[in-house]
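Subject: Structure for your review

Dear colleague,

Please find below the structure that I agreed to pass on to you. My notes on it follow directly after.

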Amino acid sequence: MNGGSSGTKVGQSGTKGVIPLRLWLLCVAIVAVVNLVNISSNLIEDPPGHRGFETWEPFCWEISSAIGFAVLLPGLYWIYRRFHWSRLSLARFLAAQAAAWLYYTLGHDAAMVAIRYAVYGAMDAHYTFVQDNLFVQLVYEGRKDVLTVALMSTIFWVDERLRQAQPKPDLPPRLEVTSDGRTHYLIPTDLLARKSVVQGKTVD
């Protein structure tokens with residue numbers, strides 16, 4: 001998941017395409033673990049004295065990727081909610097997933113490359129995103145981003161199922177009363193309580 005911005009926001013409810021904060025934090029935490037593994041792998045597989053890069057570079061690569069992911073994640077959730085699988089044919093659902101992948105992979109590449117150029121410039125070092133062929137580089141990044149989008153869609157689906165499985169509180173029955181063109185909902189127990197109060201005052 002190597003290394004855009006989204007107009008959607010992180011919020012408390014996912015009912016309108018706004019990713020819940022707890023879900024955003026969960027996804028970011030999962031990707032952060034992957035980033036830490038990648039950093040440690042780079043440093044362990046290339047011990048000091050045999051590295052073709054500086055020690056700070058793997059941190060720059062992975063942190064820039066993580067930032068791009070965190071920024072684009074609300075957009076992935078919005079696409080998931082807006083083009084929900086339950087409302088689409090298989091063909092339209094796959095098209096929506098392809099659009100989500102395209103949005104993510106291009107935005108992710110743009111975000112992480114911009115951050116890396118800024119960091120390398122500050123460190124007075126040279127960074128090149130395109131080694132020999134831009135198309136090959138985009139395919140290289142895009143194939144990993146397919147897995148990221150698929151994983152996020154799976155997490156969104158699991159979260160959705162878990163929330164739907166939560167028992168709903170038992171609400172007391174209500175009476176619907178229409179008066180002067182307006183509808184009022186009354187709870188029978190409240191009516192009985194008010195009737196008891198009125199009767200008590202009458203007896204007094």
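The term pLDDT denotes the predictor's confidence in each residue, on a scale from 0 to 100. It applies here because this is a predicted model. Across residues 1-9 the pLDDT stays under 50, and for this stretch the model has 38 contacts beyond four places in sequence. For the protein as a whole, the mean pLDDT is 83, with 73% of the residues reaching 70 or more. I would ask you to read the notes below with these values in mind.

Let me turn to the interior. The largest nonpolar core comprises 19 residues, and Cys-27, Leu-73, Met-152 and Phe-156 are those with the most contacts inside it. Four helices each supply at least two residues of this core: α1 (21-45), α2, α3 (90-122) and α4 (134-165). The greatest contribution comes from α2, which gives eight residues. Leaving aside residues up to four places away in sequence, Leu-73 touches Ile-19, Trp-24, Cys-27, Val-28, Met-152 and Phe-156. There is also a second, separate core of six residues, among them Cys-60, Met-112, Tyr-120 and Phe-129.

Helix α2, which spans residues 56-82, also holds Ile-67. This residue belongs to a nonpolar patch on the surface, formed by Phe-59, Ile-63, Ile-67 and Val-71, and together the four have about 310 Å² of accessible area. Ile-67 has a relative accessibility of 39% and therefore counts as partly exposed, since that class lies between the limits of 20% for buried and 50% for exposed.

Two further residues deserve a separate note. Gln-97 is located in helix α3. Is Gln-97 buried or exposed? Its relative accessibility is 17%, so Gln-97 counts as buried. Not counting residues up to four places away in sequence, Gln-97 touches Val-149 and Ser-153.

The other is Asp-124, which sits in the loop between α3 and α4. With 73% relative accessibility, Asp-124 counts as exposed. The phi angle of Asp-124 is near 55°, a positive value in a residue other than glycine. For comparison, most residues other than glycine have a negative phi.

With kind regards

Definitions and conventions:
Residues numbered from 1 in each chain as written. Predicted model: local features only at pLDDT ≥ 70, side-chain atom pairs only at ≥ 80, totals over all residues. Heavy atoms only, no water. Patch = residues over 30% accessible without salt bridge, like charges linked within 9 Å, V, L, I, M, F, W, Y side chains within 5 Å. Areas by Shrake-Rupley, 256 points an atom, 1.4 Å probe, with all protein chains shown as cover. Salt bridge = Lys/Arg side-chain N within 4 Å of Asp/Glu carboxyl O. Buried < 20%, exposed > 50% of the residue type's maximum accessible area, 1.4 Å probe, protein only. Core = buried A, V, L, I, M, F, W, Y, C linked by side-chain atoms within 4.5 Å. Contact = heavy atoms within 4.5 Å.
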